[in-house]
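Biologist: I should be grateful for a close look at a single part of this model. Please choose one site, describe it in detail, and relate it to its surroundings.

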Amino acid sequence: MSAECIFCKIVRGEIPSKKIYEDEDVFAFHDIRPVAPVHFLIVPKQHIPSMYEANMVHHQALGKMLALAGGLAQQEGADEGFRTIINTGRVGHQEVYHVHMHVLGGPEPLGPMIVRKQRGA
Ligand code: AMP
Ligand code: ZN
């Protein structure tokens, strides 16, 4: 647990969130600035700053994040596909340093994962 971490505060209920799932290991809630019609986050309740710090000690929560994604995506209306993203570090454009998995869904296709740079651009 980190006193200052925004996602630890959400897990503890100190900051409001639109919760969609909770158990002893993980917490899922809507992203506050959605970039797709379905956009929620699944986080481990334990404070892990990034995937660099994740290891086998955390396998139960990390496994649950993946195992829950499809069911929750379907529940939220993404029943024709979705995308999971875990941003890590500076290069991965991580903004919040508490591990979180984005789950993004349509109905419209999301487009390519990363826009290819033009050759020579
Ligand atoms: P990332 O770049 O992967 O670290 O993304 C962090 C995500 O957390 C962004 O999509 C934010 O919109 C989202 N976010 C930040 N603060 C909150 C909050 N209080 N409730 C829900 N989502 C949040
Ligand atoms: Zn935290």
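Modeller: Helices and strands here are DSSP runs, of at least four residues for a helix (H or I) and at least two for a strand (E), numbered from the N terminus. In these terms, Pro-49 falls in the loop that runs between β3 and α2. The model is a predicted one, and the part I have chosen is the zinc site, to which this loop contributes a donor, His-47.

The zinc ion (ligand 2) has four protein donors, namely the SG atoms of Cys-5 and Cys-8 and the ND1 atoms of His-47 and His-98, at 2.0 to 2.3 Å from the ion. The angles that these 4 donor atoms subtend at the zinc ion run from 104 to 117°, and the arrangement is therefore tetrahedral. The criterion behind that word is that all angles lie between 85 and 135 degrees. For four tetrahedral donors, the ideal angle is 109.5 degrees.

Along the sequence, the donor residues follow the spacing C-x2-C-x38-H-x50-H. Cys-8 belongs to helix α1 (residues 6-12), whereas His-47 sits in the loop between β3 (38-44) and α2 (59-75), so these two donors tie together parts that are 39 residues apart in sequence. Their accessibilities can also be stated. Cys-8 has 0% relative accessibility and therefore counts as buried. His-47 has a relative accessible area of 22%, so this residue is partly exposed.

Returning to the loop, Pro-49 is likewise partly exposed, because its relative accessibility is 27%. Setting aside neighbours within four places in sequence, Pro-49 contacts Gln-94, Tyr-97, His-98 and Val-99. Among these contacts, His-98 is itself a donor of the zinc ion. By contrast, 26 Å separates the C-alpha atoms of Pro-49 and Gly-71, although the two residues are 22 apart in sequence.

The surroundings of ligand 1 may be set beside this site. There are 16 residues around ligand 1, and those that come nearest are Asp-31, Asn-87, Glu-95, His-100 and His-102. The side chain of His-102 places an N or O atom 2.8 Å from an oxygen atom of ligand 1. Backbone atoms take part too: an N or O atom of the His-93 backbone is 3.0 Å from an oxygen atom of the ligand, and a polar backbone atom of Val-96 is 3.0 Å from an oxygen atom of ligand 1.

Finally, a word on β1 and β2. Strands β1 (residues 19-22) and β2 (residues 26-30) pair in the antiparallel sense over 3 bridges, forming a hairpin with 3 residues between them. Within this pairing, Glu-22 has Phe-27 of β2 as its bridge partner.

Technical notes
Residues are numbered from 1 along each chain as its sequence is written. Chains are lettered from A and ligands numbered from 1 in the order in which they are written. This is a predicted model: local features need pLDDT of at least 70, side-chain atom pairs count only at pLDDT 80 or more; totals for chains, interfaces and linings use all residues. Side-chain values use heavy atoms; hydrogens and water are left out. Donors are N, O and S atoms within 2.8 Å of the metal (3.2 Å for Na, K and Ca); water is not among the atoms, so sites may look incomplete. Four donors count as tetrahedral if all angles lie between 85 and 135 degrees; four count as square planar and six as octahedral if opposite donors are over 155 degrees apart and all others between 65 and 115; anything else is irregular. Buried means under 20% relative accessible area, exposed over 50%, partly exposed in between (1.4 Å probe, protein chains only). Contact means heavy atoms within 4.5 Å. Two strands pair if DSSP finds at least two bridges between them. A residue is near a molecule or strand if one of its heavy atoms lies within 4 Å of it. A polar contact is a pair of N or O atoms within 3.5 Å; within protein, one must be able to donate a hydrogen and the other to accept it, and residues adjacent in sequence count only if both atoms are side-chain atoms.
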